Amino acid sequence: MTNSKENPIIVVGGGIGGLATALGLAQSGKNVKVLEQAPEFGEIGAGIQLAANATNVLRRLGVMDKISEVAVFPKRLVLMDAFTGEELSALDIGSVYQERYGAPYVVLHRSDLQQSLIDACVDHPNIELVNNQQITTIEEAGEKVEVYNANGEAHVGEAVIGADGLWSKTRKIFSDDQPVCSEYVAYRGAIPMEEITNVANLDDVIMWIGPNMHVVQYPVRRGELYNQVVVFKSYQYRKEIEHTFDWGTPEEMDEVFKDTCDKVQTAISYISRQKRWPMYDRNPIENWTKGNITLMGDAAHPMLQYLAQGACQALEDAGYLADMVKKHENYSEAFEAYQQERQPRTAYVQTSARNWGEIIHSTEPITTLLRDTILSKRTEQDFSFIDQYHGYNKVSPVEVRN
Ligand SMILES: Cc1cc2nc3c(=O)[nH]c(=O)nc-3n(C[C@H](O)[C@H](O)[C@H](O)COP(=O)(O)OP(=O)(O)OC[C@H]3O[C@@H](n4cnc5c(N)ncnc54)[C@H](O)[C@@H]3O)c2cc1C
């Protein structure tokens, strides 16, 4: 490896995954260039949940102290029935959780997470961040890789990591698959806490569930904002209109939620109707690595958000990738070892997220009855379901690298 500022590792995409990857690699001594299509690095105005498998990596990257200043540390993760208003089940995500997994569960504003990562990248002498770089083509050139933006300008590096999200261009090197539309849409946003009334409990992350729909609520930014995500399956969806705005409309949202309990009705009344997010994932692919090119995060394994694990898995990738690049002599060995560990795990989480969606959105009375009976028998400190996700410990031991 002849890594230098002129011959860096190129990361395509400066989202949560790309920035964390850049930081991990730089802390392993590599020079890294991040190419982001947007004119500025930024995130949407909504919240994100990060479980211990993610905060463990953030701590190792040295950004957890910054994040702790702006995050909220919730005490319980609670499932509620959106119609009866009854609590179905709860999970302790406070001190017992933290002791079990060696790291906290946090909820925060996406832009606060993004800013912490950007600040750490800007402070690191080995990282160059470049905006306005919409990457269209990636070509192998002997031992190097050439990356072209939409203006035809080239960046040359010794390796490329595609961190360009769900609609990844880099992924085309490995697969001609397309994102799979779930027929669900999300409306989301964070509003000032003083505008909020009729909330169940500000110490909780609350998920209201019902047939073909759910609502998630939690505070962010030191408790100054309240984040809400409203998700439902569109009964107007048809393949022919998938790329239009004619399905998943605010009117459908009103119809789907019209008989829900008071607190859910209040949540719906607060949600911004200006923008909707159609929800996509992809089927897992077996291979996303070739020589000195690989993928990470949503570019490699986009998943539905029902387990709140998409960004967590991207952070696991970032930590493990940095470890492998540090350990191996050349990129092809490092990337192969990375894929060998990460592909089965992320494919499993992708599939589990779909399954969990089927369970929480159940429309079958028998499935719903079974679900609610099983959930009601759990104790708040029964971690058996989440151990497999939150307890991941393959990333090298916690250490703050400078
Ligand atoms: C409603 C919703 C709620 C969610 N909640 C959670 C949660 O609570 N917890 C959790 O862990 N996950 C959650 N997720 C998933 C999480 O948001 C994603 O998994 C995560 O953002 C993936 O990060 P990424 O960096 O891989 O991709 P992205 O965040 O998509 O970033 C990709 C970056 O690449 C850039 N880019 C794209 N194409 C190009 C190109 N051609 N050239 C250059 N740059 C390019 C983009 O501009 C972007 O900056 C949620 C998702 C949704 C939709």
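**Notebook: helix α1 and a seven-stranded sheet**

I began just past α1, where G29 follows the helix with a positive phi, near 95°. A reminder to myself: this is a predicted model.

Next I went back to helix α1 itself, residues 16-27. Its 12 residues should span 16 Å at 1.5 Å a residue, and I found the end C-alpha atoms 17 Å apart, which agrees.

How many residues of α1 are buried? I counted 12 of 12, so I wrote the helix down as mostly covered, with buried meaning under 20% relative accessible area. Among them are I16, L19, L23 and Q27.

Then I turned to the sheet. I traced seven strands in the order β5-β4-β13-β14-β15-β12-β16, forming an open sheet with mixed pairing. β5 (87-92) and β16 are at its edges; each has a single partner strand, so one side of each lacks a neighbour in the sheet. On average, neighbouring strands here are turned by 20° against each other, direction ignored.

I looked more closely at β12, residues 180-192. With β15 (residues 225-233) it pairs antiparallel over nine bridges, and there I noted R188 partnered with V229. With β16 the run is also antiparallel, joined by four bridges; here V185 has P278 as its bridge partner.

Is edge strand β16 enclosed or open to the outside? Four of its five residues (277-281) are buried, so the rest of the structure largely encloses this strand.

Last, I checked what packs on the sheet. Helix α7 (residues 262-270) does, touching β12, β13, β14 and β15. I noted its direction at about 75° to that of β14.

Terms used:
Residues numbered from 1 in each chain as written. Predicted model: local features only at pLDDT ≥ 70, side-chain atom pairs only at ≥ 80, totals over all residues. Heavy atoms only, no water. Helix = DSSP H or I, 4+ residues; strand = E, 2+ residues; numbered from the N terminus. Expected span 1.5 Å × (residues − 1). Buried < 20%, exposed > 50% of the residue type's maximum accessible area, 1.4 Å probe, protein only. Pairing = 2+ DSSP bridges. Axes fitted to C-alpha atoms, helices over the stretch in contact; angles between N-to-C directions. Contact = heavy atoms within 4.5 Å.
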